Each structure stands twice: as C-alpha cells, then as structure tokens.
Amino acid sequence: MTQLKTLWEIVKLATQLGFTSFGGPIAHLGFFHETYVKRHKWLNEKSYADLVALCQFLPGPASSQVNMGIGIIRGGMLGGIVSFIGFTLPSVCVLIIFANVLNLFTIENTGAIQGLKIVAVVVVAHAIINMGKKLTPSLSHKVIALCALIVMLLWQTTFSQIIVIITAAVIGLVFFKKDIDESDADLPLKLSKKTAIISLTLFFSLLILLPLLREWIQKDWIAMFDSFYRSGALVFGGGHVVLPLLEKEFVPPGFLTEQQFLTGYGAAQAVPGPLFTFAAYIGAVKASWSGGLLATFAIFLPAFLLIFGTLPFWQQLRNNKTIRGAFVSVNAAVVGILIAAFYQPIWVSTINSSNSFTFAAVLFSLLVHFKLPAWLIVVLGAIGGILLPL
C-alpha cells in the first residue's frame, strides 16, 4: 500500500507538470526544482544539482531524464516509469492528434502553421544563446563550437554529428581535465548495480542489433524503431539537437516532407513537456496512434536505459576528471551542432522574406527582453501567421 501511495504521488505530480511545463528544458528544470525540491522536499538541493549534472552529461533529453531520475529516487524503477508517463503523455497525445488532423485536412500550408514555424526559429535562437553562454565559457570552448558548426554545415552526412561528438570527446580527454571541480556528495537511490549493468548492456546491444535487424527483416516498424532509437541514443544537448538527426532519418527517404517536418516542429513548441515528443508527431504522420506511440517509446528508450544504467555509478563517474573533461568538450561542440541545425533546415525554410524576419525579431524581443511566457509567444505566432503576409 505504501508503494502504491508513493507511485500515485509521483504520477500525480508528474502529470501536473506534464500539462503545465511550457518553455523548454531549462524551464522544465526550474519547474522540477520548485515542485520536487522546494515544495515537496523529495530531495535536497545538492542531490538535485548532482542529478541535473548527470543528465546534462548523458545523451538524450536532459529534462526528461531528470524527471525519470527523481521518480527513481522516490519510488525505484517503477517510480521512474510512472514519472515519465505522467510528464510525457499529455504532449504525446496532443501531437498525435495534431498529426492526424494535419493528415485529414492538409493544413500544413496555412498561415497559422507558418507562424508556428517562425516561433520555432525564435525558440531555437533563444536556446542557442542560453546554451552558448553556459557551455562555451572560454575561447577554447568557442573554437570547438565553431569547428563543429563548420563541419556540420560543409560535410552533411549521416555520420557527421557522431564524428563531431567523438572528436570533441577526445579533445576533452586531453585538454579539459584540469577544468573540472570535484564533489563528494551521494545521491539517495533505490536502484541496484545489477539493474544498471543489464540496462547498459541492453542500451549498447540495441544500438548494434537494430540496424542489422532493419536490413535483415525489411519491416517498416523495425526501420522506424531503429531510426528513433538511434536518434535518442546519439543526441547530446537535448531536444533541439535531435532535429538534424530526425530530419536526416525521415525527410530524405520520403517518410515525410520537409514542410510536414517543420510544421510538426513548430507545433511541438506549442505544447508543454519534452521536445522529444516531436517523435510522436512524426510517427503519427506515418501510422496514426500506433506509429506515434511506437516512435515515442523508441526515442525515449535510450534515455531510460542510460539513466537506469548510470545512476548507481554516478559517484565514481562524477569524480573522474578524465570522463567529465570529455563531456565538457562535447557540450561545447553541441553549441556548434545547434547553430548548424538552426540554419538548416529551420532558418532557410522559414525566414524567406523581410516580413518573416521582422515578425521573428518582434517575437524574439517579446520572449527575451519583455519576458513573455513561451505559450503566449506560440499563440501570438499562430495569430500573426493568420493575419500577416509572412
């Protein structure tokens, strides 16, 4: 009964956050801090900071992994699962419904959609500026970001991002070890190291086996699962960085058009919860509810396996200067990857006139300087798209 009560508390709070957490990953972390640390005191300030640090270092959606981690700390593995469901399901349902409406009425060329695409430009630009300030504090970090940007724009292949990340990690192993501060606080956990080893083994096994199964079996659902799983497993930096991976996986093969892709990305800015739920929209364009749910499970599965697999070992990892130095360099490269994703396809496919640029500048100023909430920017973007010649 006590366990059921705990799980109910977790899913109730997570669902409330799933309906109200607008504003992207940084805003999500603020909502989590207010709810779980300050109001309900499920963990202390130091434990929360340590959990956020771990999730920033891992590939995948950082805010979602923090949410999973809090659920694990509070209620074990089941706590992590129900916390994920509560936080993610609201936006998944909305985006699947949106994809079905889009397929039914063919509305991707309406003014409102163009307005939402401009909102995407504004939100990603704001994210890049904020991440750049935090992740490129020195000239050497900025040089890594610039090199990553150049490679991503001039060498656009399936493996470009992976090679950039690996190269940045090697640079960090050599040059950034002495820049890392140590800490000695432990996280309170209800997860065994045996579970962690099984999770990490499954994570790497799927990463290797799914592409092989895709070639051998030639089934659409296996190809979809493989594409979303690899996208979720190889992304550093959160939801905005998954954009170029998903675009390369689904637009060139004709899975969906670039217009449909950017339309869904714009709509994803209008809903609360993690940006990775954009996958639900892509899956639903192809196969309605079943495709949306399969895509959601596939893209978040690596995040689950990594958080289950690393939490029990976090104390050793966080005090290893070599490992942490690699992550610092990778995070700098992520800024360059973000800028490249911002330019192509977001900017070049959306800002195609002086009217579009002017409207984007206004929305950006309202978001950054006038501090209007993200949901209001989304509403203004949709209205402006209807009323203005963009």
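1. Is E34 buried, partly exposed or exposed? In this predicted model, E34 counts as partly exposed because its relative accessibility is 38%; the partly exposed class lies between the cut-offs of 20% and 50%.

2. E34 is paired with K38 in a salt bridge, where the closest N and O atoms are 3.7 Å apart. Both residues belong to helix α2 (residues 25-39), and their spacing of four residues corresponds to about one turn of the helix. K38 has a relative accessibility of 48% and therefore counts as partly exposed.

3. Side chains of opposite charge can pair when their charged atoms come close. For the structure under review, the count of salt bridges comes to five. The criterion behind this count is a side-chain nitrogen of Lys or Arg within 4 Å of a carboxyl oxygen of Asp or Glu.

4. One of these contacts joins the side chains of E9 and R74, with an N to O distance of 3.5 Å. This pair connects distant parts of the chain: E9 is located in helix α1 (residues 2-20) and R74 in helix α4 (residues 62-105), 65 residues apart. E9 is classed as partly exposed because its relative accessibility is 24%. R74 is likewise partly exposed, since its relative accessible area is 29%.

5. A further salt bridge is formed by the side chains of D226 and R214, at 2.9 Å from N to O. Here too the pair links distant parts of the chain, with D226 in helix α9 (residues 220-233) and R214 in helix α8 (residues 193-217), 12 residues apart. The two partners fall into separate accessibility classes: D226 is buried, because its relative accessible area is 2%, whereas R214 is partly exposed, at 24%.

6. The contact between D226 and R214 should be read together with its surroundings. R214, D226, R230 and E249 are linked in a network of salt bridges. Within that network, D226 is the residue described above as buried, with a relative accessible area of 2%.

7. Apart from the charged pairs, the model presents a nonpolar surface patch of about 540 Å². Its members are I166, V170, I171, L173, V174 and F175. Among them, V170 lies in helix α7 (residues 160-175). V170 counts as partly exposed because its relative accessibility is 46%, a value that also satisfies the requirement of over 30% relative accessible area for patch residues.

Definitions and conventions. Residues are numbered from 1 along each chain as its sequence is written. This is a predicted model: local features need pLDDT of at least 70, side-chain atom pairs count only at pLDDT 80 or more; totals for chains, interfaces and linings use all residues. Side-chain values use heavy atoms; hydrogens and water are left out. Patches are made of residues with over 30% relative accessible area and no salt bridge: like charges are joined within 9 Å, nonpolar side chains (Val, Leu, Ile, Met, Phe, Trp, Tyr) within 5 Å. Accessible areas come from the Shrake-Rupley method with a 1.4 Å probe; for residues, only the protein chains shown count as cover. Helices (H or I, at least four residues) and strands (E, at least two) are DSSP runs, numbered from the N terminus. Buried means under 20% relative accessible area, exposed over 50%, partly exposed in between (1.4 Å probe, protein chains only).
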